[in-house]
Amino acid sequence: MGCDWCPRGCGADRAGGERGVCGAPAEMRVARAALHFWEEPPLSGERGSGAIFFTHCPLRCAYCQNAVIAHGEAGRVVTVDDVAAMMCSLARQGALNINCVTPTHYAPGVREAVRRARAAGMDVPVVWNTSGYETVSAVRDNAGVVDVYLTDFKYASASLASAYSHAPDYPRVALAALDAMVDVVGDAAYDEVDGQPRMLRGIVVRHLLLPGAVEDSLAVVRLLHERYGSRVRLSLMNQYTPVLAQAAAEGDERARRVLERFPELGRRVPDADYERVLDFADDLGVEDYFWQDGPAAEESFIPPFDLTGVEPAAAGTPAF
């Protein structure tokens with residue numbers, strides 16, 4: 001059966017050895033499973049989010065901040081029990097949640113891993129950390145498994161989505177997926193850990209400002225606020241890191257070609273552009289959104305994908 005787990009619908013026979021647009025094999029691959037401290041405060045808190053970084057990606061944006069895993073250059077093949085054991089291990093380490101990073105192209109295996117981890121006693125919320133490029137059916141299949149969506153909304157412009165992500169349908173598809181997330185997950189809910197709120201259920205929508213694309217960012221903020229109001233929490237991000245420039249300087253041919261087409265991607269976002277977007281959100285009446293203070297484009301947001309925490313599970317059911 002051809003793969004249709006993401007909106008690409010490329011039909012690759014992954015079980016038969018084919019690889020589709022995402023580049024992923026049939027088996028799950030993970031590059032890192034560790035406490036991560038750079039998500040939004042109700043997701044990371046003081047203890048950290050239990051982030052499991054899956055290798056490969058259906059979207060593969062030209063400017064990807066995690067290109068080394070998106071292009072499959074890091075990671076190890078793992079089983080469902082391996083992933084369930086990682087989830088249990090992270091919960092034992094005190095993680096506020098289990099944060100499945102770019103899991104879409106492994107969705108059935110990830111869902112089963114969550115079920116097995118919960119059966120073994122893992123009882124923290126599960127976060128689906130996604131580019132936003134999801135099918136409505138996949139979101140609905142996550143019902144009862146996923147508690148929190150940490151989802152991007154990258155573009156309002158189809159032309160920008162086409163140029164940078166080869167996905168002119170991104171605005172339409174991501175909006176339909178977000179509608180489904182709101183319908184399935186419902187309104188946000190919190191408890192308190194270490195004197196700080198922890199998100200138990202809800203939706204955080206991230207928008208990363210891109211260099212030279214401030215007008216598109218304004219359009220994204222308007223669209224999301226007018227459509228959802230307080231049903232989602234916006235996170236307006238100024239952490240764009242021009243990783244392409246460094247990669248090209250180090251001889252990466254792919255990065256060099258991308259910069260030839262899109263030289264703006266080799267620059268940071270001006271502070272004035274970010275302030276303009278924040279002011280616009282305030283003027284619209286957006287309340288309680290996340291924003292980043294100071295120089296956000298730091299290496300700390302991009303962890304080492306060095307197989308930390310990626311260990312084979314012991315035989316049998318993973319133990320919490």
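A cavity is a set of grid points where a 1.4 Å probe fits but cannot get out. Keep that in mind for the exercises below, and remember that this is a predicted model.

**Exercise 1.** Find out how many cavities of 30 Å³ or more the whole structure has, and give the volumes of the largest and the second largest.

*Solution.* Start with the search of the whole structure: it turns up four cavities of 30 Å³ or more. Next, take the largest cavity, with a volume of about 780 Å³. Then go to the second largest, where the volume is about 60 Å³.

**Exercise 2.** Work out what lines the largest cavity.

*Solution.* First, the count: 36 residues form the lining, and Gln65, Asn66, Asp152, Lys154 and Arg206 sit nearest the centre. Now sort the lining by class, and you get 19 nonpolar, 12 polar and five charged residues. Finally, look at the elements: α2 (67–70), β5 (126–130) and β8 (196–208) each give at least two lining residues, and β8 gives the largest share, three.

**Exercise 3.** Do the same for the second largest cavity.

*Solution.* Spot the cysteines in the lining first: Cys3, Cys6, Cys10 and Cys22 are among the residues there. Asp4, Arg8 and Arg14 are also in the lining. Sorted by class, the lining has six nonpolar, two polar and three charged residues.

**Exercise 4.** Describe the largest nonpolar core and pick out its best-connected residues.

*Solution.* The core holds 91 residues, and Ile52, Met87 and Leu265 have the most contacts inside it. Helix α7 (residues 170–185) brings the largest share, 10 residues. Now zoom in on Leu265: its contacts include Ala62, Tyr63, Tyr164 and Pro211.

Note on methods:
Residues numbered from 1 in each chain as written. Predicted model: local features only at pLDDT ≥ 70, side-chain atom pairs only at ≥ 80, totals over all residues. Heavy atoms only, no water. Core = buried A, V, L, I, M, F, W, Y, C linked by side-chain atoms within 4.5 Å. Buried < 20%, exposed > 50% of the residue type's maximum accessible area, 1.4 Å probe, protein only. Helix = DSSP H or I, 4+ residues; strand = E, 2+ residues; numbered from the N terminus. Contact = heavy atoms within 4.5 Å. 1 Å grid on protein atoms, 1.4 Å probe; cavity = no way out; pocket = protein on both sides within 12 Å on 5 of 7 lines; lining within 4 Å. Points joined across faces, edges and corners; volume = space filled by probe spheres on them. Nonpolar A, V, L, I, M, F, W, Y, C, P; charged D, E, K, R; others polar. Lists of a residue's contacts leave out its neighbours within four places in sequence.
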